[in-house]
Amino acid sequence: MKSITFEAALFDLDGVVFDTEPQYSVFWGQVCRHYHPELPGLENKIKGQTLTQILDAYFADEDMRKEIVLRLDEYEMAMDYPYIPGFLSFMRMLRDANVRTAVVTSSNVPKMECVYKAHPDFLHLFDSVLTAEDFDESKPSPDCYLKAAQKLGASKDGCVVFEDSFNGLRSGMAAGMAVVGLATTNDADAIAPLCDIVVPDFQNLKMEDCLHLLNNHSAS
């Protein structure tokens, strides 16, 4: 059997690159309790969904939607963007191995401007950053990961997707790529059926683990 080459690593943003999910839980907890007190725990149900998906499902009123978007924009400007443990070391390892890298996020350009302000070096970490504006369909559609691979000139068999949300994991799997699930947002047992392996963060993830994953995925 031919060995598969690790061509590209494709990363979701929140809960994968940045440990921001606790901050979003606070924001959406406040919003959901204010607008939907009859739906306790709604902030947990909507985890991993895009803003458009959340608004369409639970906030139909146009004035309400505008208010929420404005509050979210203000909130994201003041957020911290701490890296997931081990992420920067993992990125250096990928660079040393000439593995191409991309962020594949449902976040929009204004949100990314907040990220760039917090981390001026962020764009230098990746070969490409793809945002919501680049995709025709939201996760769990495979559209975003297939476009990312195409932009990097990588085959789907040579890509590893790193995701934390249910919709993101489904997107990577639907793209036919090897998927690493990070148990940063949801329990490991809950995401295990939607990925090839589960890790708590990047601290113990090695190049040989990724190569082994790619070859096992190709053989399955």
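A pocket, as the term is used here, is an open set of grid points with protein on both sides within 12 Å along at least five of seven lines. In this predicted model, the largest pocket holds about 720 Å³ of space. Its lining comprises 36 residues, and those nearest the centre are Gln49, Thr50, Leu51, Ser106 and Ser107. By class, the lining of the largest pocket has 10 nonpolar, 13 polar and 13 charged residues. Four helices each supply at least two residues of this lining, as listed below.

| Helix | Residues | Contribution to the lining of the largest pocket |
|---|---|---|
| H1 | 21-35 | at least two residues |
| H3 | 51-58 | at least two residues |
| H4 | 62-78 | at least two residues |
| H9 | 166-174 | at least two residues |

The structure also contains an open sheet of six strands, paired in parallel and ordered E3-E2-E1-E4-E5-E6. Strand E3 (128-130) and strand E6 (197-199) form the edges, each pairing on one side only. From one strand to the next, the twist averages 20 degrees. Three bridges join strand E5 (residues 178-182) to E6 in the parallel sense, and Leu182 stands opposite Val199 in E6.

Aromatic side chains provide a further theme. There are 20 aromatic pairs in the structure. The ring centres of Phe11 and Phe90 lie 6.4 Å apart with their planes at 85 degrees, so this pair is edge-to-face. Phe11 belongs to strand E1 (residues 8-11) and Phe90 to helix H5 (residues 87-96), so that the pair links parts of the chain 79 residues apart. Both Phe11 and Phe90 are buried. Ring pairs also join these two residues into a cluster whose members include Phe18, Tyr81, Tyr83 and Phe202.

Conventions. Residues are numbered from 1 along each chain as its sequence is written. This is a predicted model: local features need pLDDT of at least 70, side-chain atom pairs count only at pLDDT 80 or more; totals for chains, interfaces and linings use all residues. Side-chain values use heavy atoms; hydrogens and water are left out. Rings of Phe, Tyr and Trp (its six-membered ring) pair if their centres lie within 6.5 Å; planes under 30 degrees apart count as stacked, over 60 as edge-to-face and the rest as tilted. Buried means under 20% relative accessible area, exposed over 50%, partly exposed in between (1.4 Å probe, protein chains only). On a 1 Å grid over the protein atoms alone, a cavity is a set of points where a 1.4 Å probe fits but cannot get out, and a pocket is an open set with protein on both sides within 12 Å along at least five of seven lines; lining residues have an atom within 4 Å of a point. Grid points are joined across faces, edges and corners, and a volume is the space filled by probe spheres set on the points. Ala, Val, Leu, Ile, Met, Phe, Trp, Tyr, Cys and Pro count as nonpolar, Asp, Glu, Lys and Arg as charged, and the others, Gly among them, as polar. Two strands pair if DSSP finds at least two bridges between them. Axes are lines fitted to C-alpha atoms, for helices over the stretch in contact, and angles run from 0 to 180 degrees between N-to-C directions.
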